[in-house]
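Work through the following exercises with the sequence and the model side by side, and try each task before reading its solution.

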Amino acid sequence: MQRIEKTFAGRPLIIETGRMAKQAAGSCLITFGETVVLATVTVSDNKSPLPFFPLTVEYKERTYAAGKIPGGFIKREGRPSDNEILACRIIDRSIRPLFPEGFQNEVQVFCYVISADQENRADVLAMVATSYALNASRTPFAEPIAGVRVGRVQGNWILNPTFQQLEYSDMELVVAGSQESILMVEGGALEVSEEDVVEAITVAHAGIKELIGFQRELMKASPKVEKLAWTKATVTEGLAEKVKLAADVKIAEALNQKDKQTRVAAVELVKKQVAEQLAADLPDNAKEIHHILGDLEYNALRSQVLTTKKRVDGRATNEVRPISIDLGLLPRAHGSALFTRGQTQALVAITLGTANDVQRLDSIDHAQETTRSFMLHYNFPPFSTGEVRPVRGTSRREIGHGNLAERALMAVLPDFADFPYTLRIVSEILESNGSSSMASVCGGSLAMMDAGIPIRAAVAGVAMGLIKEGKKYAILTDILGTEDHLGDMDFKVAGTSNGITSIQMDIKIEGLDLQIMKEALAQAKEGRMHILAEMDKALAAPREELSTYAPRIVTMMINPEKIGDLIGPKGKTIRGIQDETGAELTVDDTGLVTIAAVGGEAMQRARQMVQAITAEPEIGATYEGNVKTTTAFGAFVEIMPGTEGLVHISELQHGRTERTEDVVNKGDRVTVKLLDRDERGRLRLSMKALVPRPEGMPEEEARPPRPEGDRPPREDGDRPRSGGRSGSGGGRSRR
């Protein structure tokens with residue numbers, strides 16, 4: 001077993017190998033604080049027949065890591081959570097560019113979170129462990145990499161901030177890189193500048209280099225492993241020249257079509273014709289011919305952009321495709337927008353819900369169940385690209401793109417205290433030809449404004465591309481699907497006119513220097529401002545009124561001692577209010593009552609019922625109530641649910657009253673005035689105070705106050721409910 005102990009970001013870091021999972025091609029155990037991750041790597045001896053590099057990354061969070069038992073009936077971990085899928089994606093996107101071109105043996109990476117201290121995030125640790133396991137295995141991996149998370153609290157940069165520190169951070173970026181270059185960036189921010197993002201990446205890269213140094217130190221002390229022998233597929237001598245002569249000019253012409261389907265059909269027709277033309281003379285080289293034709297398409301697009309600065313659809317490198325916007329298409333949705341940019345189209349709908357609609361989350365990262373009241377769900381059906389393929393649940397791509405768009409919009413949401421709604425956005429991608437996630441951001445922003453949600457600012461997003469050959473490069477704004485597939489970078493930037501709210505960068509080359517990234521960020525800002533201007537033409541500010549079908553929500557504070565009265569035994573009282581009015585009610589431990597209803601009448605009725613149950617009697621106020629009990633010295637009247645007072649016999653009417661029953665009887669409905677409350681909280685009521693004294697009637701003598709204990713025992717069911725509380729609510733955040 002080999003092991004090193006270091007200090008990183010002020011906390012102990014341990015990297016070790018040779019103790020666990022020794023039959024894997026490579027394994028690494030990493031400990032940071034008390035969070036522990038095991039990463040393993042296996043590689044197939046044989047080349048895969050698939051036409052792409054078959055890399056699989058799995059990231060599993062075990063609930064025992066946090067001392068928990070899974071919920072539900074099965075009591076074992078099931079399908080991956082969104083957090084696990086997002087962690088898989090950042091690891092996959094970071095390591096994929098560093099496998100050699102042409103290597104097609106199947107590689108599997110498994111990461112297990114086996115201890116979680118609920119302070120330190122495990123995903124970036126898994127990236128470091130994966131890097132070491134790959135480099136220590138026989139897998140032909142280029143060089144060590146590392147990943148860090150960077151935050152900023154009160155102007156101070158923090159590497160791998162804790163969960164508590166992230167609560168106060170205005171930025172959260174996950175950055176992966178090698179010793180010399182940046183490989184992957186993912187994160188969100190609260191409208192920060194491009195310069196802030198570059199500075200954050202610079203800080204992150206310093207931490208990445210430190211972690212790579214730790215890995216190299218451990219590798220020197222570990223036994224050397226012979227790398228897997230593999231050979232890149234070769235092309236028959238002279239075949240490339242024949243295919244190029246037959247197809248080069250034709251493919252270049254076919255590529256330059258503005259319409260995606262026309263372009264794809266034209267390129268495929270050229271490939272088919274050339275393959276048939278050469279098949280007669282070269283019947284055994286069909287696969288090689290197909291591969292060479294793909295290379296010709298790749299080189300033709302890249303050469304054209306670098307040489308002429310013109311793209312295959314005729315645009316300049318910094319030009320955004322035409323944009324069209326339609327609002328309020330869906331009559332019953334609370335807000336909707338159809339955002340079309342070129343041949344990418346997103347139909348986005350928003351639903352406003354109540355506190356009962358929050359999503360409840362139970363993870364190993366938090367000791368208690370948490371909730372979130374903002375969700376964005378992204379759907380990418382096969383018809384959006386004109387394909388026929390099976391649909392088997394939500395894909396990792398859909399989870400990742402939805403998370404990116406959600407993070408972009410979260411920064412501009414109103415505070416929950418000011419707008420206490422649960423919000424769900426659904427983006428249906430109806431057409432896709434590049435950057436559907438950024439179309440979801442634009443459509444989501446417009447749909448929220450169409451719904452009347454008072455967001456702080458409009459948000460737009462744009463995807464940037466890169467073509468790089470040696471020292472020559474071109475940065476592309478608003479990339480097409482073809483440019484994404486044949487280019488070197490997919491760099492998505494979303495934000496407002498004030499700054500960046502979300503960012504994601506993937507590259508296909510072995511790293512990117514900061515100078516190109518600075519230029520890409522500056523060009524992305526130009527594109528974002530253009531898109532925001534187009535959005536402003538359609539809708540410049542949130543609508544003043546919510547949809548008639550959206551619930552209205554009001555809040556009111558009650559005395560916390562009255563919570564039990566409102567809830568009632570086993571929730572009977574609060575359920576009764578909801579059943580009678582159709583409104584939804586929630587109450588938390590502070591006494592904050594939230595009432596939601598579609599229609600003002602239901603809300604007003606529910607509010608009145610809550611006030612009737614929880615209101616505090618006011619001296620001098622008039623109340624209508626039922627006579628609960630009559631006695632020789634007066635009548636007890638219930639002026640509020642569970643609240644009674646005494647109308648002394650002398651306060652029933654002007655003049656002398658011989659018997660209480662001469663004026664009122666049990667069950668009568670009477671109007672009374674609250675005269676006083678004694679030191680023990682007992683209420684003194686009066687009926688005669690509300691009636692003018694008859695003319696000529698002499699002043700009656702005041703009767704002495706009743707002695708202690710002169711009230712007879714109460715009948716069953718007459719005793720007021722106690723002020724004890726039952727049930728509780730919980731605080732919520734947008735996440």
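**Exercise 1.** Determine what share of the protein chain is buried, and decide whether the chain is compact or spread out.

Solution. Buried residues, meaning those under 20% relative accessible area (exposed is over 50%, partly exposed in between, with a 1.4 Å probe and protein chains only), account for 52% of the 735 residues in the protein chain. This is a predicted model, in which local features need pLDDT of at least 70 and side-chain atom pairs count only at pLDDT 80 or more, while totals for chains, interfaces and linings use all residues. Residues are numbered from 1 along each chain as its sequence is written, and side-chain values use heavy atoms, with hydrogens and water left out. Next, take the overall dimensions: along the principal axes, the C-alpha atoms of the protein chain fill a box of roughly 130 × 60 × 45 Å. The radius of gyration, taken over C-alpha atoms, is compared with the globule rule of 2.2 Å times the number of residues to the power 0.38. Because the protein chain has a value of 35 Å, well over the 27 Å that the rule gives for 735 residues, it is more spread out than a compact globule.

**Exercise 2.** Check whether the span of helix 2 agrees with its number of residues, and state how far the helix is covered.

Solution. Helices (H or I, at least four residues) and strands (E, at least two) are DSSP runs numbered from the N terminus. The expected span is 1.5 Å times one less than the number of residues, so the 14 residues of helix 2 (residues 123–136) should span 20 Å, and the end C-alpha atoms are indeed 20 Å apart. As for covering, 13 of the 14 residues of helix 2 are buried.

**Exercise 3.** Classify the ring pair of Tyr-378 and Phe-380, and describe its surroundings.

Solution. Rings of Phe, Tyr and Trp (its six-membered ring) pair if their centres lie within 6.5 Å; planes under 30 degrees apart count as stacked, over 60 as edge-to-face and the rest as tilted. The structure holds 10 aromatic pairs. For Tyr-378 and Phe-380 the centres are 6.3 Å apart and the planes lie at 10°, so this pair is stacked. Tyr-378 is buried at a relative accessible area of 2%, and Phe-380 is buried at 13%. Finally, the charged end of Arg-397 sits over the ring of Phe-380, 4.0 Å from its centre, where the criterion is NZ of Lys or CZ of Arg within 6 Å of the ring centre and within 35 degrees of the ring normal.
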